[in-house]
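Reader: I have some questions about the terms used for this model. Please take them one by one.

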Amino acid sequence: MSDFYACVIPTDAGWQPEGEAAERAEDYVAGVFPDSDGAGQEITVEFYDRITAVDAGENLERITCPRCGADIPLEWYAELLEESEGEFDDLGVTVPCCNSQLQLDTLTFDWPCGFARFEIAVLNPARDDPEFTEDELTELGILLGHPVRQIRIHV
């Protein structure tokens, strides 16, 4: 059986909210993703010590270089995550396609991936629409005190 996660991360990879803001955001998420029938949904809030990859999992189909437009091999990205254990002090890398120095969060990921020191995730959302709406993302950004974006993960 596979799992689906609807994740929210700050738009700035190094930013973290205050604890109270994270608690308010978690309460909000529990309200918009009710698990009234006990379907096994789980909400987690994570504070990471280092910038951590929030990867789309099996949804990731393609990575493109913003500098030269070439495809970046998925194997290159997988090896990078394995070597770093998915954690980074900074996001600077040399891409294999054109040897440019870029930031990981500037690569074009299809499906979107991200990097963050804070994450709220809903495992196997129980509602019909398993993703956050734009209005919900806006409200979460207000509650947290920083704009957020969504990463959809399939594992």
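Reader: What is the accessible surface of the protein chain, and how much of it belongs to carbon and sulfur atoms?

Author: The accessible surface comes to about 8,200 Å², and 44% of that belongs to carbon and sulfur atoms. Such areas come from the Shrake-Rupley method with a 1.4 Å probe, and for residues only the protein chains shown count as cover. The model is predicted: local features need pLDDT of at least 70, side-chain atom pairs count only at pLDDT 80 or more, and totals for chains, interfaces and linings use all residues. Residues are numbered from 1 along each chain as its sequence is written, and side-chain values use heavy atoms, leaving out hydrogens and water.

Reader: What secondary structure does the protein chain have, and why is the chain called as compact as a globular protein of its length?

Author: The protein chain has three helices and 10 strands, where helices (H or I, at least four residues) and strands (E, at least two) are DSSP runs numbered from the N terminus. Its radius of gyration, 16 Å, is close to the 15 Å that the globule rule gives for 155 residues, so the chain is as compact as a globular protein of that length. The radius is taken over C-alpha atoms, and the rule is 2.2 Å times the number of residues to the power 0.38.

Reader: Which residues of helix H3 are buried, and what puts them on the same side?

Author: In H3 (residues 134-144), Glu136, Leu137, Leu140, Gly141, Leu143 and Leu144 are buried, that is, under 20% relative accessible area (exposed is over 50%, partly exposed in between; 1.4 Å probe, protein chains only). They cover an arc of only 165° around the axis, which puts them on the same side of H3. That arc is of the directions from the helix axis to the C-beta atoms. On the other side of H3, Glu134, Asp135 and Ile142 are exposed.
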